[in-house]
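Reader: I would like to know how the words used for a structure are justified. Please take them one at a time.

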Amino acid sequence: MSTQASNRSYRYPDNSQIPYYNSSMHVGGNSTCYVQQNHVDLHYMSSDGGSQNSNSKAQMFQPQYCTLDSSSGNCVYPVHTSTSPQCLSRSHISQHDRHSDHSYDSPASASCITEVPSLKFTTLQELENAMYGSQSDIFSSESSLIGTALDQSNWRELLGVNSGDLKQVIVACGKAVDENHCRKDLLISELEKMVSVSGEPMQRLGAYMLEGLVARQLSSGHALYKSLKCKEPQPTNSELMSYMRLLYDICPFFKFGYMSANGAIAEAVKGENFIHIIDFQIAQGSQWETMIQAFAMRPDGPPCLRITGIDDSDSAYARGGGLDIVGRRLCSIAQSCRLPFEFNAVHAASHEVTFEHLGIRYGEAIAVNFPYQLHHTPDESVCTENHRDRILRMVKSLSPRVVTLVEQEANTNTAPFFSRYMETLDYYIAMFEAIDVACQRDDKKRMSTEQHCVARDIVNLVACEGAERVERHEPFGKWRSRLAMAGFRPYPLSALVNNTIRELLSDNYHINYKLEEKDGVLYLGWKNRKLVVSSAWR
């Protein structure tokens, strides 16, 4: 980071001087780019991440599983191995370009389950107790009932799994992994036969949840989340950008977030001449293109606009470079609209941002935007610094005119594994159903979009724990408490914003999308499941 002095003014066509900020500003690098605007230099500053396992109660088979792995080569992992992993034999997800039916072969196995005549069990624990005895009577004479081999056709019944009920198998797999049950491999092997990245929504989601379960078994979830490499080459930045664009087009989640946040910001800074927008995840900067155009059309003349963009590695890869790309594009749009504009690049992760990064100047109206970002910021359950609340307190100290928060409406932050697993299943099946009505199931670009834009989050939620789990969503009630503790009060979204979004949904998207307004907060959902919530604060 470097500090550069800033002493500039913006001139309008009549050559009258409008004094602008006169103080030092912290910027993200040492390069400066200039764009001519009304014969005045407007500028922004920017700069360019097996061995067979055994059980004392029974010997178990070890099927080979495959995941989205970051390593290369053709090898296999034993499922129970928690030491250094070897390479995998194949990937569920990387197979879709080579197999038309996208099914996954399961290796032959030998069952180790024994039969207890005339007994029915409703839980895995009941089955285990019946097979091996409880802690108190494991060596009692009752254990002599167990000894004959179980016919494989009966194991599903004993495990309480109906043949062909995919959701039931997905749930049973998560429960078995959570309890470290000795039959978890049998269930995972069954799930492997039932999932497909080109199938129905539950089959596609099941494929990614299976990847997460196997990665959790191998303790490889973090590497998988960071790289998500298949045996095919990683997508180029232009390919990844096209996948992100497809998701943006076929689902209204991003448009909903952008429109609701922009509406709140436009109202909060109405009539201000010097506006500073701080975006904690600027991505490609597309949210601000329409905002620049709207500001330029003000009847009393355009304001002077400054945008501070905070970067993330995924967006940097997708756009093929640093924040200077975003700055140049936004500056070009501002120039075409004759809007005085400056872009300040901050090359830091959101939890690393400090007051000094923002270059606050006297007299500017500040708006802060958190678009699907704050759940990635570690809180008190991850580290003692509690950056999630620290960032909110720091933002409050800026006395912003408005703070916009758009987040997924899910509860995965501090929930124990199985509760989080079930929440992930419930949340993402709604998203996969929404994608399903917009794209053909055999559409390879749709498959790649789900793989590179959605699957990684699912794998992280299922496979990772501690600091390695970065997908940490909270329900709106928790966000409301955090914002209130930081000193914020609600800034209800206007009826105009609500009506505009409602029209967008009714004119362009499936009838199953539902918009709900409650206490000035907007919820976007699919059928009866709320997926995204947008709110504003000051």
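Author: What follows goes through some terms and the values behind them. The model is predicted. The chain has 17 helices and 14 strands, and 57% of its 538 residues are buried.

Reader: What makes Leu205 buried or exposed?

Author: Its relative accessible area decides. For Leu205 the value is 0%, and buried means under 20%. Leu205 is therefore buried.

Reader: Where is Leu205, and which residues does Leu205 touch?

Author: Leu205 lies in helix α5, which covers residues 201–218. Leaving out residues up to four places away in sequence, Leu205 touches Leu425, Tyr428, Ile429, Phe432 and Ile458. Leu205 and Leu425 are 220 residues apart along the chain, yet 7.8 Å separates their C-alpha atoms.

Reader: Why is helix α4 called largely enclosed by the rest of the structure?

Author: Helix α4 runs over residues 184–194, and 10 of its 11 residues are buried, so the helix is largely enclosed by the rest of the structure. Among the buried residues are Leu186, Leu187 and Ile188, but also Lys184, Asp185 and Glu190.

Reader: How do α4 and α5 pack, and which residues make the contact?

Author: Their axes are 9 Å apart, at an angle of about 145°. From α4 the contact has Lys184, Asp185, Ile188, Leu191, Glu192 and Met194; from α5 it has Gln203, Gly206, Leu210, Val214 and Gln217. Sorted by class, that is five nonpolar, three polar and three charged residues.

Reader: Why does Gly206 count as polar in that tally?

Author: Nonpolar and charged residues are named in fixed lists, and the others, Gly among them, count as polar. Gly206 is part of the contact, so by that rule Gly206 goes with the polar residues.

Reader: What is the handedness of the crossing of α4 and α5?

Author: The crossing is left-handed. Where α13 passes α16, the crossing is right-handed.

Reader: Why is α13 called oblique to α16?

Author: Helix α13 has residues 387–397 and helix α16 has residues 476–485; their axes cross at roughly 50° and come within 9 Å. Under 35 degrees would count as roughly parallel, and 65 to 115 as roughly perpendicular. The angle of roughly 50° fits neither, so α13 is oblique to α16.

Reader: Which residues meet there, and of what class are they?

Author: Arg388, Asp389 and Leu392 of α13 meet Trp479, Arg482 and Leu483 of α16. By class, this contact has three nonpolar, three charged and no polar residues.

Methods: Residues numbered from 1 in each chain as written. Predicted model: local features only at pLDDT ≥ 70, side-chain atom pairs only at ≥ 80, totals over all residues. Heavy atoms only, no water. Helix = DSSP H or I, 4+ residues; strand = E, 2+ residues; numbered from the N terminus. Buried < 20%, exposed > 50% of the residue type's maximum accessible area, 1.4 Å probe, protein only. Contact = heavy atoms within 4.5 Å. Axes fitted to C-alpha atoms, helices over the stretch in contact; angles between N-to-C directions. Left-handed = near helix turned anticlockwise from the far one by under 90°. Parallel < 35°, antiparallel > 145°, perpendicular 65-115°, else oblique.
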